[in-house]
Amino acid sequence: MIRNQTIYIGPPYKGLIPNQVFSNGIPEQAFKALQLSGPVQRLLVPVHLLASAKKKTRIKGTEEYRAYQTLLTARGGENSEGVSHVMNSEYYNTPVPNKQINSAGEIVNPADYYGPNGLKVDLSGGSVEAQEEFVFANAVTTAGSKQYTAAGKKDVVITFLGPGSAIFTAKLISYGVALPIQGVRKTGVIDIVDTAKSGEMVEFEKPAGSILEISWTAPTGGAVSAKATVS
């Protein structure tokens, strides 16, 4: 799931690499950088917030822009934003507020995941939230589209398959209005994408009450498929 992952969106800094993703925890080196540098705290964010956070790094005046420029010019001093606690960043108030320190007063890793009951999920092999499979396209040879209409809020990870080639796009439909949405590509270089192609895996977040529609162009070179895991 996307909320089990954290991504670094800053420039190269103390061993951190742009677009580096940490799953189910962060290594000691990254944790130390978090403790020492306020800018790093702004730029190590949950993957489901990648689109909005990365956009802010390009907008002058935002905390993310200042943090990026500070690290880019190697001025990242200890707690240079005056951050007194490693988890004080606004990002770690989502998706489950006030879960950064447990009852024993221990720091909770930002990549840890909590279920709807507020209890920590055992990511090492214990119980996880139920997932379902959904097929948008199965070996199709013509252009088309299909909707996923479940009412609740969902994370939808779609694998786009060949052997043919096609361009896939996504829309969210809410109150009869359809708007294009971006997803997070999870294969190759992780990035925010407007379209997908065969061989890629892209994650979309579907808000409650909306419909996710996937469309594709006429395939060339063979059939294409789009199969999703929903949680």
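So, what do the buried residues of helix 1 pack against? Keep that in mind while I walk you through this one. Just so you know, we're looking at a predicted model.

Okay, the overall picture. The protein chain has four helices and 14 strands. There are 231 residues, and 44% of them are buried. On the outside, the chain exposes about 11,700 Å², with carbon and sulfur atoms supplying 53% of that. Now look at contacts between residues with a separation of 6 or more: 70% of those are between residues 24 or more positions apart.

Right, back to helix 1, which covers residues 28–36. The buried ones there are A30, A33 and L34. If you look down the axis of helix 1, those buried residues fall within an arc of 105 degrees, so they line one face of the helix. And here's what I asked at the start: they pack against strand 2, at 20–23, plus helix 2 and strand 3, which is 44–46.

Let's try helix 4 now, residues 63–72. Which residues are buried in this one? They're E64, A67, T70 and L71. Do the trick of looking down the axis of helix 4 again, and its buried residues fall within an arc of 125 degrees, so they line one face of the helix. And what covers them? The cover includes strand 1, at 5–8, helix 2, at 38–43, and helix 3, at 50–56.

One last thing to spot on the screen: helix 2. The buried residues of helix 1 pack against it, and helix 2 is also part of what covers the buried residues of helix 4. Okay, that's me done!

Notes
Residues are numbered from 1 along each chain as its sequence is written. This is a predicted model: local features need pLDDT of at least 70, side-chain atom pairs count only at pLDDT 80 or more; totals for chains, interfaces and linings use all residues. Side-chain values use heavy atoms; hydrogens and water are left out. Helices (H or I, at least four residues) and strands (E, at least two) are DSSP runs, numbered from the N terminus. Buried means under 20% relative accessible area, exposed over 50%, partly exposed in between (1.4 Å probe, protein chains only). Contact means heavy atoms within 4.5 Å. Accessible areas come from the Shrake-Rupley method with a 1.4 Å probe; for residues, only the protein chains shown count as cover. The arc is that of the directions from the helix axis to the C-beta atoms.
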